[in-house]
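Open the model in your viewer and switch to a cartoon view. This tour moves from the whole chain to a single side chain.

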Amino acid sequence: MATVDTPPRGRILGLIPAHDEAPRIGAVIAAALRHLPVLVVDDGSSDDTAEVAERAGARVQRQRPNQGKGAALRAGFGTALAEGVEAVVTLDADGQHDPAEVPAFLATYARRTVAGEPTELIIGRRDFHRMPPLRRLSNWLGTVVLSTAVGRWIDDNQSGYRLIGRRLMSATLGSAESGFAFEVEMIAICLREGWSIEWVPIRTIYGDEGSHIRPLRHLGEFLGATRRARRIARERPRDVSG
C-alpha cells in the first residue's frame, strides 16, 4: 500500500529508499534537491523517517510493512513510470552516496542520449581500495564471481548509486527480489536485452555500518543472486517497453 501527493516536475527524479534513517536522511535530501526533485519510499520505518523527509522537501511514498530495498525501489519505479518520468537517480538514505555527484550521472545520460546511444543503466563505481578490509574483499570477490557468471566484466555490482531508465524500470517490476540481489538483477536484465551499462566514478564513503555485516549470510545470498543473474543474462531478449 502506498500514498503519494503531488507529481514531480522535470524529466529525471531522485529516488531514495529508506528504512529507519531519520537521523541522516534530511541532509541527503537537502543536498539532492539542489539537482533534481526527490521521492522517498519509506519502507515501513519505525521512526520518523517519513516526517523528516517531508520537512526536508521530499515527497514521501509510504510502504507498509517493511519489505526490503528491492521492493521499495520497485514501488518508486511504479510511481515514476506512472508519472512519465524519463529516468530516476537512486541514492541511499544513510549518506554513503554524495548527492553532489548527481550531475555526473545526468551529464553521462545526456551525452549518451544526444549521441543517439541512450543507456538504461549508469552505475556509480566505487574505489574498492578505500573500503574497510572486509568490504573490500567482499566486493572484489563479488565482482570476479558475477563477471565470470555473466560473461562480462562488471566493475561494481553492488553500488546502489545509479541512474535507471524507463525501459529498465519497467522490466524490473515483476521481480521478486527484495534485497541487494535486486540490483544485481538489473545488471542481468540489461545484459539480456543488449542495453548498455555505463559507469561514473563516485566517492567511497563509509560510516559505522561495518558492525552489521554477516559474511556467511551475505555470501549465501550473493551466490544465489549470481546464479539467477547468470540465468537471466542468458535468456532470450524480451519485448520490454517503457
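A residue counts as buried when its relative accessible area is under 20%. By that cut-off, 52% of the 242 residues in the protein chain are buried. Keep in mind that this is a predicted model.

Stay with the whole chain. Colour by secondary structure: eight helices and seven strands appear. Show the surface next. About 11,300 Å² is exposed, and carbon and sulfur atoms supply 53% of it. Now turn to contacts between residues at least 6 apart in sequence: 75% of them join residues at least 24 apart.

Select the strands. Seven of them make an open sheet of mixed pairing, ordered β3-β2-β1-β4-β6-β5-β7. Which strands stand at the edges? They are β3 and β7 (197-201); each has a single partner strand, so one side of each lacks a neighbour in the sheet. From one strand to the next, the twist averages 25 degrees.

Zoom in on the β3 edge. Strand β2 (residues 38-43) pairs with β3 in the parallel sense, over five bridges. Pick V40 to find one partner: V60 in β3. Then add helix α2 (residues 49-56), which packs on the sheet and touches β1 (12-18), β2 and β3. The directions of α2 and β3 make an angle of about 165 degrees.

Last stop: R59, in strand β3 (residues 59-63). Is R59 buried or exposed? Its relative accessibility is 11%, so R59 counts as buried. Show side chains here. Those of R59 and E83 are joined by a polar contact of 3.2 Å.

Definitions and conventions
Residues are numbered from 1 along each chain as its sequence is written. This is a predicted model: local features need pLDDT of at least 70, side-chain atom pairs count only at pLDDT 80 or more; totals for chains, interfaces and linings use all residues. Side-chain values use heavy atoms; hydrogens and water are left out. Helices (H or I, at least four residues) and strands (E, at least two) are DSSP runs, numbered from the N terminus. Buried means under 20% relative accessible area, exposed over 50%, partly exposed in between (1.4 Å probe, protein chains only). Contact means heavy atoms within 4.5 Å. Accessible areas come from the Shrake-Rupley method with a 1.4 Å probe; for residues, only the protein chains shown count as cover. A polar contact is a pair of N or O atoms within 3.5 Å; within protein, one must be able to donate a hydrogen and the other to accept it, and residues adjacent in sequence count only if both atoms are side-chain atoms. Two strands pair if DSSP finds at least two bridges between them. Axes are lines fitted to C-alpha atoms, for helices over the stretch in contact, and angles run from 0 to 180 degrees between N-to-C directions.
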